[in-house]
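Q: Please take a close look at one part of this model and describe its geometry in full. Give the cut-offs behind each term as it comes up.

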Amino acid sequence: MNTFQKNESKETLFSPVSIEEVPRRPPSPPKKPSTKICGSNYPLSIAFIVVNEFCERFSYYGMKAVLTLYFLYFLHWNEDTSTSIYHAFSSLCYFTPILGAAIADSWLGKFKTIIYLSLVYVLGHVIKSLGALPILGGQVVHTVLSLVGLSLIALGTGGIKPCVAAFGGDQFEEKHAEERSRYFSVFYLAINAGSLISTFITPMLRGDVQCFGEDCYALAFGVPGLLMVIALVVFAMGSKMYNKPPPEGNIVAQVLKCIWFAISNRFKNRSGDIPKRQHWLDWAAEKYPKQLIMDVKALTRILFLYIPLPMFWALLDQQGSRWTLQATRMNRNLLILFIMVLQVLNPLLVLIFIPLFDLVIYRLVSKCGINFSSLRKMAVGMILACLAFAVAAAVEIKINEMAPAQPGPQEVFLQVLNLADDEMKVTILENENNSLLIESIKSFQKTPHYSKLYLKTKSQDFHFHLKYHNLSVYTEHSVQEQNWYSLFIREDGNSISSMMVKDTESKTTNGMTAVRFVNTLHKDVNITLSTDMSFNVGEDYGVSAYRIVQRGEYPAVHCRTEDENFSLNLGLLEFGAAYLFVITNSTNQGLQAWKIADIPANKMSIAWQLPQYALVTAAEVMFSVTGLEFSYSQAPSSMKSVLQAAWLLTVAVGNIIVLVVAQFSGLVQWAEFILFSCLLLVVCLIFSIMGYNYVPVKTEDMQGPADKQIPHIQGNMINLETKKTKL
């Protein structure tokens, strides 16, 4: 029997012949049933991946916690060089993920890439630890070993970073998408747990343990290296349990070639007679399979969404820079534990917020019937970051209100200290300043505050009239604009004299306490504040330089002259203050120190920073954790690692934005905070519009059948007519 119907027409297509053959993707092996955790839908293999990530992050952040100190005090670099190398290393760690992702998706696969680059990572730690051994070579050897070690660490940590997150997502079946979403929260939890613990431990290893009579940087770098070895061993132990998707060829090159062919083909066929196609990438259909074109469409849609994201990271990463500097100008008595290592506050809050959001807040929002999609979570995270910087700006304004005023151009600030035995009257003879210092100053007192003096030029000589009992002395002192000065009045036998001392150094660094001493005795005094800090103050009104000391009580400071030992009670030295101590010999009370606060202590508590930290951490949980899961779920199967690397690249671009704004904005700090907040608000609005028009990629779209309709090529032109054959 003839099975064909007579005169029935069938439509067939002639497949195009391409000069460049696109390699077929190897068929993915069927997933074998994986062992679950306690009867849940979570594969047991992710336990090895999470522990690996915890150890790796411990290794990375533990090493970074002492890296700047190592540059300053072991390699003896200056602050500018240390800061530059530190940020260059951090940036490199966020650029190398592109290389790791390309290797994983194109050549080795994620599993082998993680193994091999982890070995590079361990080697970098070994070289870095060797570079911290004082007995191994000199300055040049230490520097070379350190830079080589840091380069290998940057390649290792950046190369495995996109692979580990994506490899964990590969362990889940598509029907367990909810569990996979929770996995990314646990993954982020492991990152911050490793960061939190290591940031406490490694500084203790450096300071509390001595190696060759110095701080033990070799141990502080060696322990993180050991944790990286543990991370590698744990990850390898789960080898037989992993689902290992094979690499799918040089996917990055295929994507670039596909995009280039689509653009060039559209340009060649720009005639109005040729019908338009639904998407510009459809112009690559003559040469590339439909599945690759669909994957590239998905990739470009997501990368387009990534364009506004660096601005969020520009705000988030200022916790370790701008916010830390803000904290140094605040009173830290209430949070003394946190100020030891300020950066632990963020990972600590992350550990609290991730389960809070996953188990409570998101579920409550879902029960209210609100579709809280991934893009909406990220947009809300941006808004929370805007609010955090608005709060930071308010705190900065309040700090500035409490801080002492600064002398401007052609201005100086002056205080007068009377070290004579009776009251003194000091008058400035210049007419415009005559009314400032006309009241008498009692013995061992100072003017109530710094007086502002106006100069006619950048530097000027001031004439003072000193009246003490029946003595009248005229003296002259030179000052320069925008400086602080102290005028000491002292008895000189039967006469009086004065000396002018510049107080420029009274500005403390890093919110610590600054002290200096004036010795009125007729013999030198050696003052010991701690085992590594002492002052040697000359006789007859010798003045020491300002020195930075730790905040705290100093009830009995040991002092020594050539013929006796004695103790001075300096009392409580507060954060951010600058103190002057005048050593005197009273016939009634003996040797003692007159305490003067040149610069008052920080009054605003660091606790006021908690709201901004809470807001920015909530923003991080909603934005970063959700973004990791979104990047994985929306990425084509052949581009999981590449898209994770692109996500990490937005972090690097965010750091560049901070550097550009900080260098060229020229704004005061609170105004810069407001600028960042407004910029992110605008970006959030743009991102919301882009997210509203975004069509989520479905699983069946990324694994669709091969193309069934490819137009025929005739020469360089496209024959859009359908060919028919009668059977």
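A: An angle between axes is called roughly parallel under 35 degrees, roughly antiparallel over 145, roughly perpendicular from 65 to 115, and oblique otherwise. The model is predicted, so local features need pLDDT of at least 70 and side-chain atom pairs pLDDT 80 or more, while totals for chains, interfaces and linings use all residues. Numbering runs from 1 along each chain as its sequence is written, and side-chain values use heavy atoms, without hydrogens or water.

The part chosen is a helix pair (helices are DSSP runs of H or I, at least four residues, numbered from the N terminus). Helix H4 covers residues 97-108 and helix H5 residues 110-130; their axes come within 8 Å and cross at roughly 130° (lines fitted to C-alpha atoms over the stretch in contact, with angles from 0 to 180 degrees between N-to-C directions). H4 and H5 are therefore oblique to each other. On the H4 side, the contact (heavy atoms within 4.5 Å) uses Gly-100, Ile-103, Ala-104, Asp-105 and Leu-108. H5 contributes Lys-110, Lys-112, Thr-113, Tyr-116 and Leu-117. By class, these residues are 5 nonpolar, 2 polar and 3 charged (Ala, Val, Leu, Ile, Met, Phe, Trp, Tyr, Cys and Pro are nonpolar; Asp, Glu, Lys and Arg charged; the others polar).

Asp-105 and Lys-110 of this contact also help line the second largest cavity, where they are among the lining residues closest to its centre, with Pro-246, Pro-247 and Ser-637. Its lining of 10 residues has 4 nonpolar, 3 polar and 3 charged. A cavity is a set of points on a 1 Å grid over the protein atoms alone where a 1.4 Å probe fits but cannot get out, and lining residues have an atom within 4 Å of a point.

Note on methods. Helix = DSSP H or I, 4+ residues; strand = E, 2+ residues; numbered from the N terminus. 1 Å grid on protein atoms, 1.4 Å probe; cavity = no way out; pocket = protein on both sides within 12 Å on 5 of 7 lines; lining within 4 Å.
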